[in-house]
Structures are given as C-alpha cells and as structure tokens.
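Please find below my comments on the model under review. They are set out as numbered points, to be read alongside the coordinates.

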Amino acid sequence: MAKRSPKINNYVPNQQDIIAIDFDPSVGHEIRKRRPALVLSNEGYSRLTGLVVISPIIHASNNALRESGFLVQITNVNYSAMNDRASGNTK
C-alpha cells in the first residue's frame, strides 16, 4: 500500500480564509505566480465536491477585471470604526 506524503495534510479551507495559492500554469494574461486568495466556498461544499472556490487578491489598478465588472475594489477600510460599531461603541 502506498504511503501518504508527509507534505499532504487534511486542511480544507473554509469560507473567508485567506490562502496562498500557486496560479501557475495559467492561460493568457492570467496571474502566473503564488498569490493570496480569498476562499468563497464553505468547507462543506469543498469537502463534498473536492473543489475550493477562490478569488485572487490583487493590487493592480489597471486590471482587466475592472471592465468586466468582476473586480471588487476595497479602499481605506477603517477597521477601528467597524469594530466599534460591531461592539456597540459609537462615538
């Protein structure tokens, strides 16, 4: 019987996890190196299907996704204010 590689683990990313993934090989003008990505699928879906749905996290301001409507831009996030609102501390 074949032995499992010691490098393989049973980790299945869950929704909202940020993971590092190697996007190589890719086709066309796609990302071609190791990048962070946001996990969109939940752990149950990933275990059932063997697939993890992700979205790459990029910093390019001239990205082709902007024209397609698939780019979600996040700027100037005030985490302190968000935490204050979440805990009921308003100033």
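1. In this predicted model, Tyr 45 is partly exposed, because its relative accessible area of 36% falls between the limits of 20% for buried and 50% for exposed residues. The residue belongs to helix α1, which spans residues 43–49.

2. Tyr 45 also contributes to a nonpolar patch on the surface. Its partners there are Ile 18, Leu 38, Leu 40, Leu 51, Val 53 and Ile 57, and the patch covers about 590 Å². A relative accessible area of 36% is compatible with this assignment, because patch residues must have over 30%.

3. Is Ser 41 buried or exposed? Ser 41 is buried, because its relative accessible area is 6%, and the term applies under 20%. Its place in the chain is the loop that connects β2 (34–39) with α1.

4. The side chain of Ser 41 deserves separate comment. It makes a polar contact of 3.0 Å with the side chain of Ser 46. In addition, a polar atom of the Ser 41 side chain lies 2.9 Å from the backbone nitrogen of Val 53. Val 53 is itself one of the residues of the nonpolar patch.

5. Which residues does Ser 41 touch once neighbours within four places in sequence are set aside? The contacts are with Asn 14, Gln 15, Ser 46, Leu 51, Val 52 and Val 53. For Leu 51, the separation from Ser 41 is ten residues in sequence, and the C-alpha atoms are 8.5 Å apart. Leu 51, like Val 53, is listed in the nonpolar patch.

6. As to the overall architecture, the protein contains three helices and three strands. Their order from the N terminus is β-β-α-β-α-α.

7. Some totals place these local details in context. The protein has 91 residues, of which 11% count as buried; Ser 41 is a buried residue. The exposed area of the protein is about 8,100 Å², and carbon and sulfur atoms supply 54% of that area. Among contacts between residues at least 6 apart in sequence, 30% join residues at least 24 apart.

Key:
Residues numbered from 1 in each chain as written. Predicted model: local features only at pLDDT ≥ 70, side-chain atom pairs only at ≥ 80, totals over all residues. Heavy atoms only, no water. Patch = residues over 30% accessible without salt bridge, like charges linked within 9 Å, V, L, I, M, F, W, Y side chains within 5 Å. Areas by Shrake-Rupley, 256 points an atom, 1.4 Å probe, with all protein chains shown as cover. Salt bridge = Lys/Arg side-chain N within 4 Å of Asp/Glu carboxyl O. Helix = DSSP H or I, 4+ residues; strand = E, 2+ residues; numbered from the N terminus. Buried < 20%, exposed > 50% of the residue type's maximum accessible area, 1.4 Å probe, protein only. Polar contact = N/O pair within 3.5 Å; in protein donor to acceptor, adjacent residues only side chain to side chain. Contact = heavy atoms within 4.5 Å.
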